[in-house]
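Q: I would like a close look at one part of this protein. Please start with the whole and then work outward from that part.

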Amino acid sequence: MRVQSSATEPDSIAVSGSPPGPGTAVPASHRLGTVQAALGVVAFSLTFPATAWGLEGFGPWALVAVRSVLAAAMAGACLLFLRVRLPERRHWAGLAVVAAGVVLGFPMLTTLALQTSTTSHAAVVVGLLPLTTALFSALRTGVRPSRTFWAAALAGAAAVLAFTAAQSGGALTTADGYLFGALVVCAAGYTEGGRLARVMPGWQVIGWALVLCLPLTVPAAVVALSYEPVVWNAHGVAGVLWVAAGSQFLGLMVWYRGMATIGIPKASQLQLAQPLLTLVWSVLLLGEHLTVAAPLTAAAVLVCIAVTQRSRS
């Protein structure tokens, strides 16, 4: 029996659902959805530290290609096991945008940035991702957010720009350029993925995007591994396995599942903790020393994002 990759009731909830009202008992499914979305946030918060570990054993190009191939292998196995039909032709262009932004662009640009940038610095800059995604969503859907939304978004952007300039001695570095580029391509991928999640289960969106990249990532992995020598060590192996399984596939799978249950607004509130979690991991796993500006800027961005979430209408 084949599984249809068509819209399901949970995916409709992910777009327009809302949490139970006051005085209403919270159903078990809602609690489970909250846990699943929270697990996704935890998985994403470990991406930068795991990438830094992966770079201890792999070159940047090999790391990105190998992680994509491994994640695609897991996704493809799930799609084959469940006998999921190919998406309709009209969805392939959108999947290509997801693939270019989430599977290829964001991992490559952030990996290049982390060669010279600390994970704590990258976490603060990429903390703007929810705001960037909201901007792309507004442009894509034609919805006009309120003035409060734009004021908070600009305040958050200004805080991050001030932080990056201060950390870089008054000028943006090449790593900062990579990180800001990663924001743009990932926001485009998230926006298109959110649109596709209205017509197919969310895990299939990232699954097909990963599989779509195999004709590029497999040859890229072969070439990169032949030119970039691999140093086999525990950190390198653990890092590449985590970014492949935890960040690129399983993390997105539980994130989409939780988002489908509790709705995008509620899930977005949980994601506000991601930059601060990454700062914690950077200290615990990498031994980085945080400047006072890093947590303060992350907290400021968190407040700005919270305001935009409440003002989107």
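What percentage of the 313 residues in the protein is buried? And which residues of helix H11 are buried, and which helices do they pack against?

A: Buried residues make up 48% of the 313 residues. Buried means under 20% relative accessible area, exposed means over 50%, and partly exposed lies in between, with a 1.4 Å probe and protein chains only. This is a predicted model, so local features need pLDDT of at least 70 and side-chain atom pairs count only at pLDDT 80 or more, while totals for chains, interfaces and linings use all residues. Residues are numbered from 1 along each chain as its sequence is written, and side-chain values use heavy atoms, with hydrogens and water left out.

The protein has 15 helices and zero strands. Both are DSSP runs numbered from the N terminus: helices are H or I with at least four residues, strands are E with at least two. Take contacts between residues at least 6 apart in sequence: 89% of them join residues at least 24 apart. A contact means heavy atoms within 4.5 Å.

Now to H11. This helix covers residues 214-227, which is 14 residues. From first C-alpha to last it reaches 20 Å, close to the 20 Å expected at 1.5 Å a residue. The expected span is 1.5 Å times one less than the number of residues.

The buried residues of H11 are Thr217, Ala221 and Ala224. They sit on the same side of H11 because they cover an arc of only 80° around the axis. That arc is taken from the directions between the helix axis and the C-beta atoms. An α-helix has 3.6 residues a turn, so residues three or four places apart point the same way. The face of H11 turned away from the buried side carries the exposed residues Pro215, Val222, Ser226 and Tyr227.

What do the buried residues of H11 pack against? Their partners are helix H4 (60-81) and helix H5 (92-113). Look at H4 first. Ala75 is found there. Ala75 counts as buried because its relative accessible area is 0%. Leaving aside neighbours within four places in sequence, Ala75 is in contact with Gly207, Leu210 and Phe249. Ala75 and Val211 are 136 residues apart in sequence, yet their C-alpha atoms are 7.3 Å apart in space.

A loop lies between H4 and H5, and Arg83 has its place in it. Arg83 is not a glycine, although its phi is positive, about 55°.

H4 and H5 also feed the largest nonpolar core. Such a core is a set of buried Ala, Val, Leu, Ile, Met, Phe, Trp, Tyr and Cys residues joined through side-chain atoms within 4.5 Å. The largest one has 27 residues. Among those with the most contacts inside it are Val98, Val205, Leu210 and Trp255. The elements giving two or more residues to this core are helix H2 (28-45), H4, H5, helix H10 (202-212) and helix H12 (234-262). H10 gives the most, with six residues.

Val98 is worth a stop. Not counting residues up to four places away in sequence, Val98 touches Val103, Gly189, Glu192, Gly193, Leu196, Val205 and Ala209. Val98 also helps to line the largest cavity, together with Val102, Gly189, Tyr190, Ile206, Leu252 and Tyr256. H5, helix H9 (174-196) and H12 each give two or more residues to that lining.

How is a cavity found? Rolling a probe the size of a water molecule over the atoms shows where empty space is left. On a 1 Å grid over the protein atoms alone, a cavity is a set of points where a 1.4 Å probe fits but cannot get out, and lining residues have an atom within 4 Å of a point. Points are joined across faces, edges and corners, and the volume is the space filled by probe spheres set on them. By this rule there are two cavities of 30 Å³ or more. The largest has a volume of about 40 Å³.

One more helix closes the tour. Thr297 is found in helix H15 (residues 293-311). Thr297 counts as buried because its relative accessibility is 10%. Leaving aside neighbours within four places in sequence, Thr297 is in contact with Val124, Ala159, Val160 and Phe163.

Conventions:
On a 1 Å grid over the protein atoms alone, a cavity is a set of points where a 1.4 Å probe fits but cannot get out, and a pocket is an open set with protein on both sides within 12 Å along at least five of seven lines; lining residues have an atom within 4 Å of a point.
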